[in-house]
Amino acid sequence: MEYITEILGISVIRTEWRQQSRLPFFLNEKYYFEQVKLGKTVCLFLHPQEELDTVNSLKKHLRRIGEICEFPIVLEMPRLTSQRRKTLIEARIPFVIPGKQLYLPFLGTMLTEKCDAVRSAAAICYDTWRV
């Protein structure tokens, strides 16, 4: 989680979450769970083990997990389509894509890494050079 430490300047400590035995079997199959301390805030990070379900199904999963876990719940995935990111943000579902994007509304944080394209000198037209 060096990404969060570099961007937000807070410590990140990961530990095993020991409550997953209280969850239905299907949720244990769908996600790997990890308790994460972001500075002074403790959260539960979910690592999907397969393709994400629809947002409505995901909300049901988070609601069920939330019955056991009082911490904010965050999805951590290596990649997401822009449409899926938009849908998660609209549904206010926190997520982290390491090195790319953070959406942690419980910390008041939404960061996206965007870079402007650099145009090479060869792409500038001749008239621009004459001036």
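Here are legends for four close-up views of this predicted model.

**View 1. The sheet as a whole.** Seven strands make up an open sheet, and following the order β1-β2-β3-β4-β5-β6-β7 takes you through it with mixed pairing. At the edges sit β1 (12-16) and β7 (109-112), each of which pairs on one side only. From one strand to the next, the twist averages 25 degrees. As a general reminder, the strands of a sheet pair through backbone hydrogen bonds, in either a parallel or an antiparallel way.

**View 2. The β1 edge and a helix across the sheet.** Here β1 and strand β2 (residues 31-38) run antiparallel and are joined by 5 bridges. To find your bearings, look for Val12, which stands opposite Leu38 in β2. Helix α3 (residues 55-66) lies across β2, β3 (41-48) and β4 (73-76), and runs at about 130 degrees to β4.

**View 3. The hairpin of β6 and β7.** Strand β6 (residues 101-104) pairs with β7 in the antiparallel sense, over 4 bridges. Tyr103 has Met110 in β7 as its bridge partner. Between the two strands of this hairpin there are 4 residues, and Gly108 adopts a positive phi near 70 degrees.

**View 4. Aromatic rings around Trp17.** A search of the whole structure turns up 3 aromatic pairs. One of them is the tilted pair of Trp17 and Phe33, with 5.3 Å centre to centre and 45 degrees between the planes. Trp17 belongs to the loop between β1 and α2 (25-30) and Phe33 to strand β2, so the pair ties together parts that are 16 residues apart in sequence. Trp17 and Phe33 are both buried. Look for Tyr31 too: ring pairs link Trp17, Tyr31 and Phe33 into a cluster.

Conventions: Residues numbered from 1 in each chain as written. Predicted model: local features only at pLDDT ≥ 70, side-chain atom pairs only at ≥ 80, totals over all residues. Heavy atoms only, no water. Pairing = 2+ DSSP bridges. Axes fitted to C-alpha atoms, helices over the stretch in contact; angles between N-to-C directions. Contact = heavy atoms within 4.5 Å. Phe/Tyr/Trp six-rings, centres within 6.5 Å; stacked < 30°, edge-to-face > 60°. Buried < 20%, exposed > 50% of the residue type's maximum accessible area, 1.4 Å probe, protein only.
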